[in-house]
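Student: I have a structure to go through before setting up some calculations. Could we work through it together, one topic at a time?

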Amino acid sequence: IAIDDGPLATWDQVRELPRGEIGEICVHGPTTTLAYVGREKATAMAKIERRGLIWHRMGDTGYFDATGRLWYCGRKGHRVVLADRTLHTAPVEEIFNTHPGVRRTALVGIVQGRTVVPVLCVERWPTSRGNLNALWAELRELGGRHDTTRDITTFLDHPSFPVDIRHNAKIGREKLTAWAQGKLGRA
């Protein structure tokens, strides 16, 4: 469905998207919970009624391709909304993660004045501690080859991304965003 940051109580408030367009992933089935116990606000934000069925808004974005496969594009809350388009974390990061000197990347948006600027935080492999200016030039060139990443020209070197202590893989983007904002200037 079209991305919406507010509650959607019933399906008639939803705009279904055509294949190829990124939106919110929603699911329903026998294991889909009907509500969050004691959390009415969370329930309103995550549940949609459609013909007696409760659909769950996953908090993830993605799209269906022409063959019906679902492609994951990242968490809805992690997208970076620019003046002319929206950047989703997975499609952006997967491009930059192909560079041999990059362990992983994290897209964040910082505010400069009244403008949101996309910033790519980069965690390098321990063996890739060479010239940062050369790496940034290579990443700008790599990003410039793709419409998805052409506007990303600001990179920050981070020694070790903060991660969720429960699974050591989920990047703490809120912490990275605050760190990047501090590095590049306050709003």
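**Cores, pocket and selected residues**

Tutor: Let us begin with the interior of this predicted model. Its largest nonpolar core holds 16 residues, and Phe96, Leu120, Leu139, Ile152 and Phe155 have the most contacts inside it.

Student: Which elements give two or more residues to this core?

Tutor: They are helix H2 (89–96), strand E7 (102–112), strand E8 (115–124) and helix H3 (132–144). H3 gives the most, with four residues.

Student: What does Leu120 touch, not counting residues up to four places away in sequence?

Tutor: Leu120 touches Val92, Phe96, Thr105, Ala106, Leu107, Ile152, Thr154, Phe155 and Leu156. There is also a second, separate core of eleven residues, which includes Val117, Val119, Leu176 and Ala180.

Student: Back to H2, then. How many of the eight residues of H2 are buried?

Tutor: Six of the eight are buried, so H2 is largely enclosed by the rest of the structure. The buried residues in H2 are Thr89, Ala90, Val92, Glu93, Ile95 and Phe96.

Student: Thr89 is on that list. Why does Thr89 count as buried?

Tutor: Thr89 counts as buried because its relative accessible area is 4%, and the cut-off for buried is under 20%. Leaving aside neighbours within four places in sequence, Thr89 is in contact with Cys73, Gly74, Arg75, His78, Leu107 and Arg173.

Student: Let us change topic to the overall fold. How many helices and strands does the chain have?

Tutor: The chain has four helices and nine strands. Read from the N terminus on, the elements run β-α-β-β-β-β-β-α-β-β-α-β-α.

Student: And what box do the C-alpha atoms fill?

Tutor: Taken along the principal axes, the C-alpha atoms fill a box of roughly 60 × 40 × 35 Å. Of the 187 residues in the chain, 41% are buried. The chain exposes about 11,000 Å², and carbon and sulfur atoms supply 54% of that area.

Student: What share of the contacts between residues at least 6 apart in sequence join residues at least 24 apart?

Tutor: The share is 54%.

Student: Now pockets. What is the volume of the largest pocket?

Tutor: The largest pocket has a volume of about 340 Å³. It is lined by 18 residues, and the closest to its centre are Ile1, Leu17, Glu24, Cys26 and Phe64.

Student: Which strands each supply at least two residues of that lining?

Tutor: Strand E1 (23–27) and strand E3 (53–64) each do so. E1 gives the most to the lining, with five residues.

Student: How do the lining residues divide into nonpolar, polar and charged?

Tutor: The lining divides into eleven nonpolar, two polar and five charged residues.

Student: I would also like to check the backbone. Which residue other than glycine has a positive phi?

Tutor: Arg51 is one such residue, with phi near 50°. For context, most residues other than glycine have a negative phi. Arg51 lies in the loop between strand E2 (47–50) and E3.

Student: Is Arg51 buried or exposed?

Tutor: Arg51 counts as exposed, because its relative accessibility is 73%.

Student: Next, Met45. Where is Met45 found, and what does Met45 touch?

Tutor: Met45 is found in helix H1 (residues 40–46). Not counting residues up to four places away in sequence, Met45 touches Asp5, Gly6, Pro7 and Arg57. Met45 is partly exposed, with a relative accessible area of 32%. The C-alpha atoms of Met45 and Asp65 are 27 Å apart, while the two residues are 20 apart along the chain.

Student: One last residue: where is His158 found?

Tutor: His158 is found in the loop between strand E9 (154–157) and helix H4 (173–184). At a relative accessible area of 10%, His158 is buried.

Student: And which residues is His158 in contact with, leaving aside neighbours within four places in sequence?

Tutor: His158 is in contact with Val122, Glu123, Arg124, Leu176 and Trp179. Leu176 also belongs to the second core of eleven residues. His158 and Ser128 are 30 residues apart in sequence, and their C-alpha atoms are 13 Å apart.

Conventions: Residues are numbered from 1 along each chain as its sequence is written. This is a predicted model: local features need pLDDT of at least 70, side-chain atom pairs count only at pLDDT 80 or more; totals for chains, interfaces and linings use all residues. Side-chain values use heavy atoms; hydrogens and water are left out. A nonpolar core is a set of buried Ala, Val, Leu, Ile, Met, Phe, Trp, Tyr and Cys residues joined through side-chain atoms within 4.5 Å. Buried means under 20% relative accessible area, exposed over 50%, partly exposed in between (1.4 Å probe, protein chains only). Contact means heavy atoms within 4.5 Å. On a 1 Å grid over the protein atoms alone, a cavity is a set of points where a 1.4 Å probe fits but cannot get out, and a pocket is an open set with protein on both sides within 12 Å along at least five of seven lines; lining residues have an atom within 4 Å of a point. Grid points are joined across faces, edges and corners, and a volume is the space filled by probe spheres set on the points. Ala, Val, Leu, Ile, Met, Phe, Trp, Tyr, Cys and Pro count as nonpolar, Asp, Glu, Lys and Arg as charged, and the others, Gly among them, as polar. Accessible areas come from the Shrake-Rupley method with a 1.4 Å probe; for residues, only the protein chains shown count as cover.
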